[in-house]
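User: I have this model open at the bench and would like a close look at one small part of it. Could you walk me through a single loop residue and what surrounds it?

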Amino acid sequence: MLKRLFSLLPAFIKGDTSSALSAGNTQTKRIIPRDEHNISRANISRGAVSAMKRLNDEGFEAYLVGGGVRDLLLDGHPKDFDLATNATPEQVRQIFRGARIIGRRFKIVHVRMGRELIEVTTFRDNHTESESERDSHQADSGMLLRDNVFGTLETDSARRDFTINALYYTSKDFTVVDYEGGLDDLKKRQIRMIGDPLTRYKEDPVRMLRAVRFAAKLGFNIEPNTAAPIAPNAELIGQVSSSRLFDESLKLFMAGSATATFSLLRDYGLLAYLFPQTEALLQRGDAKAEKLIEHALVNTDKRIRNDQRVTPAFIFAALLWPVVKEKQEALMASEKLTPLVALGQAASAVVSQQLAAISIPKRFLIPMREIWDLQLRLPNRAGKRAFVTFGHERFRAAYDFLLLRESAGENFDGLGQWWTDFQVANEEGREAMVQNMTGPKGRSRRRSPRKKPANPA
């Protein structure tokens with residue numbers, strides 16, 4: 001993997017690379033030539049290579065940066081490639097037809113190269129150098145509300161979050177540039193913040209979530225100085241917009257390492273600011289809830305690694321179901337409500353509270369609630385009900401959710417297997433399955449004909 005590269009590092013590394021970069025300190029610039037690293041253009045998307053070349057041809061610097069470089073050095077296969085350049089967003093837009101500038105807090109240019117979307121950012125500088133609040137603005141809490149001060153490759157490197165994400169590759173001479181000791185931290189398998197960790201977390205609290213996500217995804221440790229401020233300052237996550245936290249939650253749970261991510265989120269006290277009701281339930285020691293969520297996350301990771309489809313609606317359904325179920329049962333006991341009515345009220349209350357933390361779009365909220373509602377319909381198979389349920393748009397997701405509940409220890413008297421058999425049976429077989437059902441849960445009962453009132457004498 002990186003063995004040959006790291007064996008050559010002493011020739012390029014001077015000075016101490018283990019300490020975090022702080023204000024006023026500088027790191028020795030390291031340039032790793034082509035024959036001393038393992039990145040090949042064959043493993044970089046054609047769109048990214050073409051975009052770098054076009055920027056170079058126009059007289060600008062252009063580098064592949066961030067996770068793409070990191071993962072290539074780790075012999076991975078990145079799906080996305082981001083570029084950094086000294087061209088301003090407006091200049092990038094002029095070079096690439098159809099390019100779009102997005103974001104106010106942090107301007108990014110979306111460049112379309114065929115079917116590929118490349119994110120291009122301009123080299124950043126320290127926000128204190130700005131004279132205009134249109135370019136840079138910081139809240140009293142330290143959070144950066146606007147960060148569009150442009151600089152150089154060196155200043156851009158210092159503005160990155162973690163050292164392993166501050167590695168730059170250029171197709172101009174095929175070198176890797178490292179200002180922050182990222183190569184050394186790849187060797188140590190650690191996540192280390194550039195600059196003072198607490199200050200950087202206050203600038204952007206999402207960096208705490210990113211530290212956890214990268215640690216889980218890569219199997220790295222979070223460097224002690226980088227880890228220390230996270231739990232005591234987890235409440236900073238509350239300053240982040242609910243819509244942005246939704247985007248971050250997808251990255252946390254849909255990257256193939258949801259199980260490890262969930263564990264780290266709890267360890268560092270971050271889950272309480274993403275799914276507060278779920279964390280409160282788990283804090284009370286609900287073993288069934290913990291097992292259900294664990295099985296859901298393990299299953300999600302397996303599906304993603306097998307390139308199978310995963311919907312956020314299913315993940316959110318699993319994370320919130322134990323809370324909904326507890327509230328449903330409480331309403332049935334206290335208000336004497338039917339299971340269906342209690343479920344509706346419980347779901348509405350739980351979703352309403354959850355939206356205050358993470359803004360889940362309706363395109364996921366509606367399927368999530370349908371998955372929950374179908375949990376009450378799946379046991380009712382009498383008459384034509386089985387066929388109606390089977391034809392529901394969310395049947396497959398609800399069926400998978402039922403199997404998940406069974407695997408977590410809930411007993412439904414073979415309901416999951418019945419629906420498994422029902423799906424593979426032909427039409428006659430399904431009719432027979434419904435007809436052969438016995439007992440109060442399955443037998444179709446004919447209503448006794450109403451007696452006509454006796455004629456008055």
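Analyst: Happy to! Let's start with a contact inside the loop: a polar atom of the Thr 170 side chain lies 3.1 Å from the backbone nitrogen of Lys 172. That side chain also reaches the backbone oxygen of Ala 62, at 3.5 Å. (A polar contact is a pair of N or O atoms within 3.5 Å; within protein, one must be able to donate a hydrogen and the other to accept it, and residues adjacent in sequence count only if both atoms are side-chain atoms.)

A word on the source: this is a predicted model, in which local features need pLDDT of at least 70 and side-chain atom pairs count only at pLDDT 80 or more, while totals for chains, interfaces and linings use all residues. Residues are numbered from 1 along each chain as its sequence is written, and side-chain values use heavy atoms, with hydrogens and water left out.

Thr 170 sits in the loop between strand 9 and strand 10; strands are DSSP runs of E, at least two residues, numbered from the N terminus. Thr 170 counts as buried because its relative accessibility is 6%, buried meaning under 20% relative accessible area (1.4 Å probe, protein chains only). Leaving aside residues up to four places away in sequence, Thr 170 touches Met 52, Ala 62, Tyr 63 and Thr 175, where contact means heavy atoms within 4.5 Å.

As for the flanking strands, strand 9 (residues 167–169) and strand 10 (residues 176–178) run antiparallel and are joined by three bridges; pairing takes at least two bridges found by DSSP. Within this pair, Leu 167 stands opposite Asp 178.

Note on methods:
Helices (H or I, at least four residues) and strands (E, at least two) are DSSP runs, numbered from the N terminus. Buried means under 20% relative accessible area, exposed over 50%, partly exposed in between (1.4 Å probe, protein chains only).
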